[in-house]
Each structure stands twice: as structure tokens, then as C-alpha cells.
Amino acid sequence: MEENKTVVTNENFDWNAFENDLGVYSQPKEEIAAAYDKTLSNVAVGEVVEGTVMSIGKREVVVNIGYKSEGVIPVSEFRYNPELAVGEKVEVYVESAEDKNGQLSLSHKKARQLKSWDRVNEALANDEIIKGYIKCRTKGGMIVDVFGIEAFLPGSQIDVKPIRDYDVYVDKTMEFKVVKINQEFRNVVVSHKALIEAELEAQKQIIMSKLEKGQILEGTVKNITSYGVFVDLGGVDGLIHITDLSWGRVNHPEEIVKLDEKIRVVILDFDDQKKRIALGLKQLTPHPWEALDPDLKVGDKVRGRVVVMADYGAFVEIAPGVEGLIHVSEMSWSQHLRSAQEFMKVGDEVEAVILTLDRAERKMSLGIKQLTTDPWADIEQKYPVGTRCVAKVRNFTNFGVFVEIEEGIDGLVHISDLSWTKKVKHPGEFTQIGADLEVVVLEIDKENRRLSLGHKQLEENPWNEFEGQFSIDSIHEGTVTELVDKGAIVSLTDSIEGFCPMKHLVKEDGTTAKVGEKLPFKVLEFSKATKRITLSHSRTFEDAKRAEYAAEKAEKKAAADANKSVVKKINASVEKTTLGDIAGLAELKAQMAAKEEEEK
């Protein structure tokens with residue numbers, strides 16, 4: 001059977017006749033290809049064209065731009081427009097004729113970016129409302145995708161009320177207005193608040209026109225600051241200053257109100273021009289002074305809490321809004337003032353006595369030292385004159401030392417009562433603050449709360465003994481300890497000093513004595529009353545010379561007197577002698593005259 005088959009080869013087949021017989025290609029091939037090309041759009045890569053959304057999936061959006069292959073765009077590029085629908089016209093950028101999957105590669109994001117700068121500027125110029133997608137948070141606000149540009153949305157421009165949680169706005173699409181463009185740096189600032197301000201302004205005008213002083217309204221706590229609370233009154237804000245929150249002391253408004261809390265407030269004042277409303281919360285309750293116990297009087301004891309501390313005293317709240325001042329001088333019977341912080345601190349519960357009470361001025365002064373007995377009440381019995389005790393040095397003055405015998409009892413030791421012998425120029429040379437000093441009570445002035453004390457009186461007055469020891473003209477060895485303007489201080493013993501005038505410091509060689517030199521000194525003057533000893537070094541050697549000179553002079557005078565007596569006797573005898581004796585007497589007289597001359 002295979003041998004009877006007819007074999008048809010390609011070489012012998014007439015394709016044109018075959019096509020004509022079928023009636024398929026009645027026209028030339030070139031004309032058919034041209035007609036087909038007219039049904040297609042010639043798309044150039046790198047251009048922005050308009051396409052139609054064919055379908056929207058979870059991850060991709062299919063867009064037809066009239067080409068033989070449809071393009072696929074990630075759905076993330078349409079996040080700014082959550083209302084995208086099938087059939088909607090969108091602009092796309094042709095990236096390539098076909099990708100690795102053989103599909104047309106399109107980008108809606110790039111298409112927006114190419115025209116975004118012009119669109120943003122048009123929106124600003126025309127005050128146009130645009131849509132944007134909030135991408136993420138940033139410092140001070142949010143980043144918004146607008147026409148493919150990352151614009152900045154300040155936190156203050158998100159809403160008319162303060163935003164406490166920015167994260168709730170991330171991944172949201174909202175309407176905005178372009179409020180500022182920096183052409184040089186291509187920065188764009190948008191605002192959502194601007195869209196609703198106009199509407200709110202109209203509401204504010206209506207609300208402000210109905211406000212009256214003293215009117216009581218209900219509002220919501222919108223914001224809390226250190227100086228007060230902002231309350232939303234339904235489209236307009238008012239401020240409750242911290243001093244108008246409570247009749248009592250308020251450290252921070254959070255102690256009184258909380259965010260989003262609904263409270264009743266009273267209008268204290270308002271300004272139509274500046275749109276400011278002053279509100280009050282404490283004014284809704286009576287002043288605490290009006291509710292204060294009418295039987296409360298001076299001398300009564302009260303309890304309260306320390307609310308404010310100052311160096312000069314403490315403010316104690318005995319009832320909400322009712323305070324009294326405890327001055328530092330009323331905290332202790334001690335006469336040397338100290339800081340109030342040494343006695344109490346904020347938050348302490350204290351008991352006090354009412355010292356003054358003025359209901360009209362709403363003022364009260366308190367004291368805590370009055371809770372204890374006044375130590376001066378029995379001072380004369382407790383510390384009579386002559387009492388010896390140990391006191392604490394509290395303070396110095398140029399004229400003495402203030403000491404404290406016990407809490408509330410201070411006394412003064414005058415500088416002249418510190419030592420019998422030492423010349424104390426300043427108390428700091430004798431003792432120091434905080435040191436213990438033994439004293440004796442010399443005098444009591446109960447009325448003026450003054451106590452005169454002494455330290456040197458603890459010992460017998462040594463000047464009684466010194467009077468016999470350092471008699472006038474007695475000589476003692478001393479050391480020059482200090483040079484002063486008119487002389488020097490000389491230490492005679494460990495406990496007594498004398499004064500040597502400058503002219504009496506001259507030594508035998510003509511030089512002046514210096515500090516540290518040990519020399520003999522003669523007592524020129526001794527005064528027990530003024531406790532003064534005047535000394536001289538020069539007199540120690542000058543007086544010796546004078547004594548020696550006086551002795552020599554007396555000796556010579558005695559010899560001369562003896563010679564004169566002998567001559568007188570000779571003269572007397574000559575008158576009685578005879579002429580024969582005259583020659584012998586004359587010779588004797590000559591010898592005596594020669595001897596006298598020799599002695600002279």
C-alpha cells in the first residue's frame with residue numbers, strides 16, 4: 001500500500017494558490033502588517049504616559065497603557081491614594097519595554113516624582129488641598145509623601161490640639177496644605193491644622209460672643225504646663241493659672257487635674273482681640289478663711305504641714321488655703337539667728353502657737369518656741385551671779401566673745417575679761433568658734449535678756465602679787481616679743497608683759513633692741529589699776545654710769561676737803577711761830593701744794 005501513495009514535496013507546493021483558495025490573505029503581507037501596527041501604541045522608554053488601572057491586587061496594580069503587554073506596578077506606590085479604583089487614569093513612567101518576565105516595566109512613583117516639584121509649587125500658589133501619605137516620625141514632626149516628595153509636617157501643624165502620640169498618624173493618608181517651600185534646598189512644609197483653623201475660627205467667634213465674666217462652663221483638660229492648665233471649652237481654649245487652681249499651695253497643676261478630665265470652671269476675664277480667656281477653678285468654692293473656726297484665737301495651739309521654706313521662716317498650712325508664718329526668730333529661744341532649714345523642712349507636720357491673727361487681712365503668725373518654757377524666766381535662780389559653767393563659743397566681735405550657756409541663754413565675755421595678764425587685741429587670739437569656754441556669771445539683766453560673763457575671774461588677780469615682785473627700779477630679764485609704733489612689748493614671764501618706750505630700747509653700743517633679744521630691763525612704772533608695767537633697758541647701764549661718776553666725784557670732794565683742812569691748820573700755826581720757823585713752814589707748805597696739784 002505504501003507504494004501506491006503520492007508524495008507531495010515542498011518544492012512542488014504552490015503556497016500562493018493555496019492562500020487564494022482559502023481566501024485568507026487576499027491583500028499583500030506588507031499592507032496587512034501596516035494595518036496591524038496602527039492598532040498598537042508606539043511607546044518610547046523613559047517617557048511619562050497615561051494608563052488605565054485594569055486590576056488591583058494585594059501586591060500589584062495592573063495598568064494598561066495601550067501596548068500589546070500590560071504593565072505591573074507595586075501597590076506600595078499608590079499608598080498615598082487608598083481610594084484607587086479599577087478604570088482610574090494614572091500617570092506612569094516607562095522604564096523598559098519588557099522585564100525578565102517579558103512584561104512591560106512601569107513606575108507610578110517615578111512618574112509622580114518627575115512632575116512633583118511643579119505640582120507642589122502649583123498647590124502652594126493656588127492654596128490647593130492635596131493628599132499625602134504619612135511615612136514615619138521624625139524629630140519635631142512627621143515625614144509625608146506628597147507627589148513623591150518627602151515633605152515635613154511639624155507636630156504643631158498636625159491638629160489644633162496638642163498631639164501626645166504621634167505614632168497613631170503613621171501609615172495614614174490625610175489632606176494637607178502646602179504652607180512653605182524652600183526653593184534652594186527643595187524643602188516642603190505642609191500643614192493639616194491649616195485646613196481646620198478657618199472653621200474653628202468661626203466657632204471661636206460664636207463662643208467668644210456668648211462669654212460673660214462669672215459664667216460657669218464645663219470643659220476638658222487639654223494641656224498641663226508648669227504654670228497652668230489649658231481647658232477646651234468646645235472650640236476655644238482657656239487658661240487656669242496655677243494660682244487659680246486651689247486656695248492652697250500647688251507645686252504643679254498635675255496635683256489637681258489630669259489630662260482629658262472634664263471639669264467645671266468659671267470665667268474670670270477674657271480678651272476679644274487676643275482671644276484669651278482666664279479661667280478659675282478655686283473660685284467655685286468659698287475661701288477657706290471664711291470657713292475658719294470663728295473660736296480660733298491668739299494663744300491657741302494648731303497643727304499643720306510645712307508647705308514653703310525660706311531663710312527667714314516657714315509657711316505652715318493649718319487648713320487648705322489657710323497658712324501661717326513661723327518666723328525663724330520664733331523657732332527657738334536662742335538669740336543667735338539661724339536658718340529656718342535647720343529646724344524643719346517641706347512636708348513636716350508641726351505644732352505651733354498662734355501669735356497674731358488678722359481675719360480681715362487673712363494673715364496669721366505662728367511660733368513653736370512658745371511650746372517650751374522661756375529659759376530666761378528663772379535665769380536668776382538657775383544661774384545666779386558667781387555661777388561657774390562651761391559655755392559654747394558662738395560668735396566673735398571686736399569687743400568680746402558671745403557664748404551660749406544652754407539653748408536660748410547667750411552671754412557676752414568682754415575682751416577685757418578674758419585674761420588678767422595678756423593684752424588680747426581680738427578674741428580670735430584667745431579662743432575659737434565652737435570651742436568650750438569656762439565662764440563665771442558677773443551680771444544679769446533679765447529685762448533685756450543680757451548676761452555679762454567673765455573668764456579671767458575664775459582665777460585670783462595676779463597683779464596683787466606682781467606689785468611686790470616688779471617694784472619700781474627693780475631689774476628683770478625680758479624678751480622683746482613685738483615692736484609697735486611707740487615702743488616694744490616685752491615678755492617678763494609666761495603670764496606677764498611690760499611696755500618699753502622706743503627711746504629706752506637703745507643699747508649701750510647705740511643700736512636699738514630687736515624682736516627676740518633677751519635683755520635686762522628696769523621697772524620705771526607699775527600700775528595695778530591699769531595693769532601696766534613700763535620698762536627701760538637704757539636705764540640699766542645709764543644709771544650704773546651715773547652711780548660710778550657720783551662715787552668718784554664724792555671721793556674727790558672728800559680728798560679736797562681734807563687738804564683744805566690741813567692747810568688751814570698750817571696757816572693757823574704759822575701765825576704763832578717765830579721768824580725762825582717761817583722758812584721751815586714755807587717749805588712744808590710748798591710740798592703740800594705740789595702734792596695737791598699732783599692729785600688734781
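Q: Which residues is Asp300 in contact with, leaving aside its neighbours within four places in sequence?
A: In this predicted model, once its neighbours within four places in sequence are left aside, Asp300 is in contact with Asp295, Ala352, Val353 and Ile354. Asp300 itself is placed in the loop between strand E15 (276-280) and strand E16 (301-310).

Q: Why is Asp300 called buried or exposed?
A: The relative accessibility of Asp300 is 18%, and the word buried applies under 20%, so Asp300 counts as buried.

Q: What makes the pair formed by the side chain of Asp300 and the backbone nitrogen of Lys297 a polar contact?
A: A polar atom of the Asp300 side chain lies 3.0 Å from the backbone nitrogen of Lys297. The cut-off for a pair of N or O atoms is 3.5 Å, with one atom able to donate a hydrogen and the other to accept it, and therefore the 3.0 Å separation falls within the limit.

Q: What is the corresponding distance for the side chain of Thr387 and the backbone oxygen of Pro384?
A: Here a polar atom of the Thr387 side chain lies 2.6 Å from the backbone oxygen of Pro384, which is again within the 3.5 Å cut-off. Thr387 belongs to the loop between helix H5 (379-382) and strand E21 (388-397), and, apart from its neighbours within four places in sequence, Thr387 is in contact with Val439, Val440 and Val441.

Q: Why is Arg362 called partly exposed, and what is notable about its phi?
A: Arg362 has a relative accessibility of 37%, and the partly exposed class lies between the limits of 20% and 50%, so Arg362 counts as partly exposed. Its phi is positive, at about 55°, although Arg362 is not a glycine. Most residues other than glycine have a negative phi. Arg362 is located in the loop between strand E19 (349-358) and strand E20 (363-367).

Q: How do you know which accessibility class Arg449 belongs to?
A: With a relative accessibility of 25%, set against the limits of 20% and 50%, Arg449 counts as partly exposed. Arg449 is a residue other than glycine with a positive phi, near 55°, and its place is in the loop between strand E24 (436-445) and strand E25 (450-454).

Q: What makes strands E11 and E14 a pair?
A: Two strands pair if there are at least two bridges between them, and strand E11 (residues 216-224) and strand E14 (residues 262-271) are joined in the antiparallel sense over 5 bridges, so the condition is met. Gly219, for instance, has Ile263 in E14 as its bridge partner. Both strands belong to a closed barrel of 5 strands, running E11-E12-E13-E15-E14 with mixed pairing; neighbouring strands of this sheet are turned by 55° against each other on average, direction ignored.

Q: Which residues touch the most other members of the largest nonpolar core?
A: Val188 and Val190 touch the most other members among the 22 residues of this core, to which strand E9 (173-182) is one of the elements giving two or more residues. E9 supplies the largest share, 4 residues. A second, separate core of 21 residues includes Val302, Met309, Ile318 and Ile326.

Q: How confident is the predictor in the protein overall, and where does the pLDDT stay under 50?
A: The protein averages a pLDDT of 80, and 83% of the residues score at least 70. Residues 1-11, however, stay under 50 and have 0 contacts beyond four places in sequence. Over residues 17-25 the pLDDT is also below 50, and this stretch has 5 contacts in the model beyond near neighbours in sequence.

Notes:
Residues numbered from 1 in each chain as written. Heavy atoms only, no water. Axes fitted to C-alpha atoms, helices over the stretch in contact; angles between N-to-C directions. pLDDT = per-residue confidence, 0-100. Contact = heavy atoms within 4.5 Å. Core = buried A, V, L, I, M, F, W, Y, C linked by side-chain atoms within 4.5 Å. Buried < 20%, exposed > 50% of the residue type's maximum accessible area, 1.4 Å probe, protein only.
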